[in-house]
Amino acid sequence: MEKRVLTVASPLCIIRMILVSSISRGMAAMNRTQTRSTRQRRAILEAIRSLHAHPTADEVFFEVRKRLPRISLGTVYRNLNVLVQQGTIAELSTVENVRRYDEDTVQHAHIACTECGRISDVIPPSTATEEIIRSAAQATGYRVEKCHVELTGLCPTCRNMQEQAQRGREEVS
Ligand SMILES: [Zn+2]
Ligand SMILES: [Zn+2]
């Protein structure tokens, strides 16, 4: 009697064990994919934060590769888009039409260098944009929802270089 119970119970048990193990294998694979993309996204976010000055996708890629050497540019692009859609980072279109990324999603004004493409935040950021929004709303009657301020000029490095070159030319003549 006891033997019969055992022979009946065992195959069922095995089938269940196989089922359970294949489900958990599937879940483990899913978890692995999830952990990988979470890890990639976190590394990308940290790269943007460490690069400060509104990096391009290429700059983010080179920074992330220090930590994840096998990551592809396509993966970086894809994750940057996801982060922008999530509102975790902001995307800036710039003077040379190269997309740059900003970890600071609070509205603030930018200044871009027409020589090297570098972008800096304008300090104090809020008062300037708030003033524009306020006066624009007052003048037009619009409810202003978005304000994108971008100033252009020469960054201190490019300005120094240009001034030095100018001085050099003056000394020659
Ligand atoms: Zn510059
Ligand atoms: Zn910024």
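**Exercise 1.** In this predicted model, decide whether glutamate 145 counts as buried or exposed.

*Solution.* Start with the place of glutamate 145, which is the loop between α4 (125-140) and β5. Next, take its neighbours: there are 6 C-beta atoms inside 10 Å of glutamate 145. A residue is exposed if that number is 12 or fewer. Glutamate 145 therefore counts as exposed. For its position relative to α4, note that glutamate 145 and isoleucine 133 are 12 residues apart in sequence, with 8.6 Å between their C-alpha atoms.

**Exercise 2.** State which parts of the model can be read in detail, using pLDDT.

*Solution.* Begin with the whole protein: its average pLDDT is 81, and 76% of the residues score at least 70. Then go by element. The highest mean pLDDT, 95, belongs to α2, and the lowest, 66, to α1. Finally, look at residues 1-14, where pLDDT stays under 50 and the model has 0 contacts beyond four places in sequence. Where pLDDT is low, the predicted coordinates should not be read in detail.

**Exercise 3.** Describe the order of helices and strands along the sequence.

*Solution.* Count the elements: the protein has 5 helices and 5 strands. Read along the sequence, they give the pattern α-α-α-β-β-β-β-α-β-α.

**Exercise 4.** Find the strands that pair with β3 and give the direction of each pairing.

*Solution.* Take β4 as one partner. Strand β3 (residues 110-113) and strand β4 (residues 119-121) run antiparallel and are joined by 3 bridges. Within this pairing, isoleucine 111 has serine 120 as its bridge partner. The two strands form a hairpin with 5 residues between them, and glycine 117 in the turn has a positive phi of about 85°.

Now take β5 (residues 150-153). It runs parallel to β3, and 4 bridges join the two. Here alanine 112 of β3 has threonine 152 as its bridge partner.

**Exercise 5.** Identify the largest nonpolar core and the elements that supply it.

*Solution.* List the members, 11 residues in all: Ala43, Ile44, Ala47, Ile48, Val60, Phe61, Val64, Val76, Leu80, Ile89 and Tyr101. Assign them to elements: α1 (2-51), α2 (57-65) and α3 (73-86) each give two or more residues. The largest share, 4 residues, comes from α1. Then follow one member: leucine 80 touches Ile44, Ala57, Val60 and Tyr101, leaving aside residues up to four places away in sequence. As background, nonpolar side chains tend to be buried together in soluble globular proteins.

**Exercise 6.** Compare α3 and α5 by span and by burial.

*Solution.* Start with span. The 14 residues of α3 reach 20 Å from first C-alpha to last, close to the 20 Å expected at 1.5 Å a residue. For the 17 residues of α5 (residues 156-172), the expected span is 24 Å, and the end C-alpha atoms are 24 Å apart, which agrees.

Turn to burial. In α3 the buried residues are Val76, Asn79 and Leu80. Seen down the axis of α3, they fall within an arc of 105°, so they line one face of the helix. The face of α3 turned away from that side carries the exposed residues Gly74 and Gln85. By contrast, α5 is hardly covered, with 0 buried residues among its 17. For the protein of 173 residues, the buried share is 11%.

Last, check what follows α3: glycine 87, with a positive phi near 85°.

Terms used. Residues numbered from 1 in each chain as written. Chains lettered and ligands numbered in written order. Predicted model: local features only at pLDDT ≥ 70, side-chain atom pairs only at ≥ 80, totals over all residues. Pairing = 2+ DSSP bridges. Core = buried A, V, L, I, M, F, W, Y, C linked by C-beta atoms within 7 Å. Buried ≥ 20, exposed ≤ 12 C-beta atoms within 10 Å, placed from the backbone. Contact = placed C-beta atoms within 7 Å. Expected span 1.5 Å × (residues − 1). Arc of directions from axis to C-beta. pLDDT = per-residue confidence, 0-100.
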